[in-house]
Amino acid sequence: GSRPTGRVNPHAISVLRKAYGIDASTARSKRIEELPREPFDAVITLCDSAAAECPVWPYPAARAHWSFPDPAAVEGTLEEKERAFGEVARTLEERFRRLLSLPVENLDRQALESELRKLAS
């Protein structure tokens, strides 16, 4: 992340568990420098502040920005906060399903970047 706290928002953990059966209770946010030093095929930023703050990626990769309102900024009841996280999760799931249906192994970086941008809409 661009400003990791070392923890994952509890609402994100709850949505992953309830909606997808994923136990992310031991997950933590990480600094970009902690990621493996190997090339990535794609780098996708999700919130506008991350797109603005994300440093130049040190490896060649298709880059795209999928703008989402920050669900952690939602104020309201527990249900309203979890609903905001759930909406982002469902949209991400849909986009990744569409991405995985593409012949990504046959796309060069420019074509992959173009497809990633199309998925943002």
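The following exercises, with worked solutions, concern a predicted model of a single chain.

**Exercise 1. Overall layout**

Determine how many helices and strands the chain has, and in which pattern they follow one another.

*Solution.* Step one is the count: the chain contains 4 helices and 2 strands. Step two is the order, which along the sequence reads α-β-α-β-α-α. Step three is the extent: the C-alpha atoms fill a box of roughly 45 × 30 × 25 Å along the principal axes. Step four concerns burial and contacts. Of the 121 residues in the chain, 26% are buried. Among contacts between residues at least 6 apart in sequence, 44% join residues at least 24 apart.

**Exercise 2. An aromatic pair**

Find which residues form an aromatic pair, and state whether each of the two is buried, partly exposed or exposed.

*Solution.* A search of the whole structure yields 1 aromatic pair. The partners are W66 and F96, with ring centres 5.4 Å apart and planes at 55 degrees, a tilted arrangement. The next step is to locate them: W66 belongs to strand β2 (residues 62-68) and F96 to helix α3 (residues 78-100), so the pair ties together parts that are 30 residues apart in sequence. Accessibility is then assigned to each partner. W66 has a relative accessibility of 0% and therefore counts as buried. F96, at 36%, counts as partly exposed.

**Exercise 3. The crossing of α3 and α4**

Describe how the axes of α3 and α4 cross, and list which residues make the contact.

*Solution.* Begin with the geometry: the axes of α3 and helix α4 (residues 109-119) come within 10 Å and cross at roughly 145 degrees. The crossing is right-handed. Next, identify the residues: α3 contributes R95, R98 and L99, while α4 contributes L112, L116, K118 and L119. Finally, sort them by class: the contact has 4 nonpolar, no polar and 3 charged residues.

**Exercise 4. The two faces of α4**

Establish which residues of α4 are buried, and why they are placed on the same side of the helix.

*Solution.* First, list the buried residues of α4: L112, E113, E115, L116 and L119. Second, consider their directions around the axis: they cover an arc of only 160 degrees, and therefore lie on the same side of α4. Third, examine the face turned away from this buried side, which carries the exposed residues Q110 and R117. Fourth, ask what covers the buried residues of α4. The covering elements include β1 (42-47), β2 and α3.

Terms used:
Residues are numbered from 1 along each chain as its sequence is written. This is a predicted model: local features need pLDDT of at least 70, side-chain atom pairs count only at pLDDT 80 or more; totals for chains, interfaces and linings use all residues. Side-chain values use heavy atoms; hydrogens and water are left out. Rings of Phe, Tyr and Trp (its six-membered ring) pair if their centres lie within 6.5 Å; planes under 30 degrees apart count as stacked, over 60 as edge-to-face and the rest as tilted. Buried means under 20% relative accessible area, exposed over 50%, partly exposed in between (1.4 Å probe, protein chains only). Axes are lines fitted to C-alpha atoms, for helices over the stretch in contact, and angles run from 0 to 180 degrees between N-to-C directions. A crossing is left-handed if the near helix is turned anticlockwise from the far one by less than a right angle, and right-handed if clockwise. Contact means heavy atoms within 4.5 Å. Ala, Val, Leu, Ile, Met, Phe, Trp, Tyr, Cys and Pro count as nonpolar, Asp, Glu, Lys and Arg as charged, and the others, Gly among them, as polar. The arc is that of the directions from the helix axis to the C-beta atoms.
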